[in-house]
Amino acid sequence: MKNDQDAGAPDTSHTDTSDAVTSDAKTPGFRLLLPPDSTSIAVARSVIRRTVRFRNDDSESRFLTGFTDLLINAIEEHQRRGIDEPIVVAAEFGQASLVSITDVGGGYTASDADGLFGNPARVVHTDRMPERGRGVAIATLLVPGLTIDSSDSGTTVTLPLEGSGVLR
Amino acid sequence: MSGSDHGIVVTTDVGGDDGSSVEFTVSGDFDATQVERFEQALEALHDDAAVVVVDIGDCTILDSAALGALVSLRHRLDVTGAELELRAEKPFQRLILANTGLGDYLGLAV
């Protein structure tokens, strides 16, 4: 990591970590501006793996699986709506350590996941499940305390790191 | 951790005297970007396979698209009548499979 506010990025053509990260300029973290395509997924995960020391391998897999589903949701939302603007993945390692994903799509809520886990038949017997809802449901299961702040101008999903890992 | 951010590796092992048992071992980050790679590996699967084992125990990510790929495989095997056994030993994998209700459907090994 180059400094407290720049985690470094494996591919500078796809990320921008030059901006300060957080609402509090003294809070360590990073901010990635990611193009809405699938190449951003591995880039974002790589930065998180470099900057977060997870409690153990299972904590890492839980967190990153939830993160992956939510980032894919954001990418697909931009692609569906033809939005070229970047998706922002940011992290704060302060009093509250967290990772957030912000898109400028049409918004959704956790209720998109309603019914999936309570009704396995819906999961089993549908070839193409409601992808967005399913991803939210899995992320909510894997990342306790996950919050979704959504409006018709975009969505920010916040994944707390508490209990999962700390800044390296 | 073993997560590489370089996608999955799938190895295929055809067993049984008549090749009726096929095992796929998947490792790495199994997500939406890797489903095509998984499905390409499944091209080695013939309709006369009686038992298909998928071992995802070394997968470090298992997102909803990866689950969808496993469900699609189950549907395919429903047509041919083959048995599916899924090996998934990591706690996070078992948590997902238990809570989605997919464990039984995918033949999760105890």
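The following paragraphs describe the interface between chain A and chain B and then the nonpolar core.

The model is predicted, so that local features need pLDDT of at least 70 and side-chain atom pairs count only at pLDDT 80 or more, while totals for chains, interfaces and linings use all residues. Residues are numbered from 1 along each chain as its sequence is written, chains are lettered from A in the order in which they are written, and side-chain values use heavy atoms, with hydrogens and water left out.

At the interface, 29 residues of chain B are in contact with 27 residues of chain A, contact meaning heavy atoms within 4.5 Å. About 2400 Å² is buried between the two chains, 60% of it from carbon and sulfur atoms; this is the accessible area (1.4 Å probe) lost on putting the two parts together, summed over both.

Three salt bridges cross the interface, each defined by a side-chain nitrogen of Lys or Arg within 4 Å of a carboxyl oxygen of Asp or Glu. A:Arg45 and B:Asp31 form a salt bridge, with 2.8 Å between the closest N and O atoms. On the side of chain B that touches chain A, β3 (51-62), α2 (64-80), α3 (91-100) and α4 (102-105) of chain B each supply at least two residues; the helices and strands are DSSP runs (H or I, at least four residues; E, at least two), numbered from the N terminus. The most comes from α2(B), with seven residues.

Turning to packing, B:Phe38 touches B:Ile8, B:Val10, B:Val26, B:Phe30, B:Val54, B:Ala69, B:Leu70 and B:Leu73, residues up to four places away in sequence not being counted.
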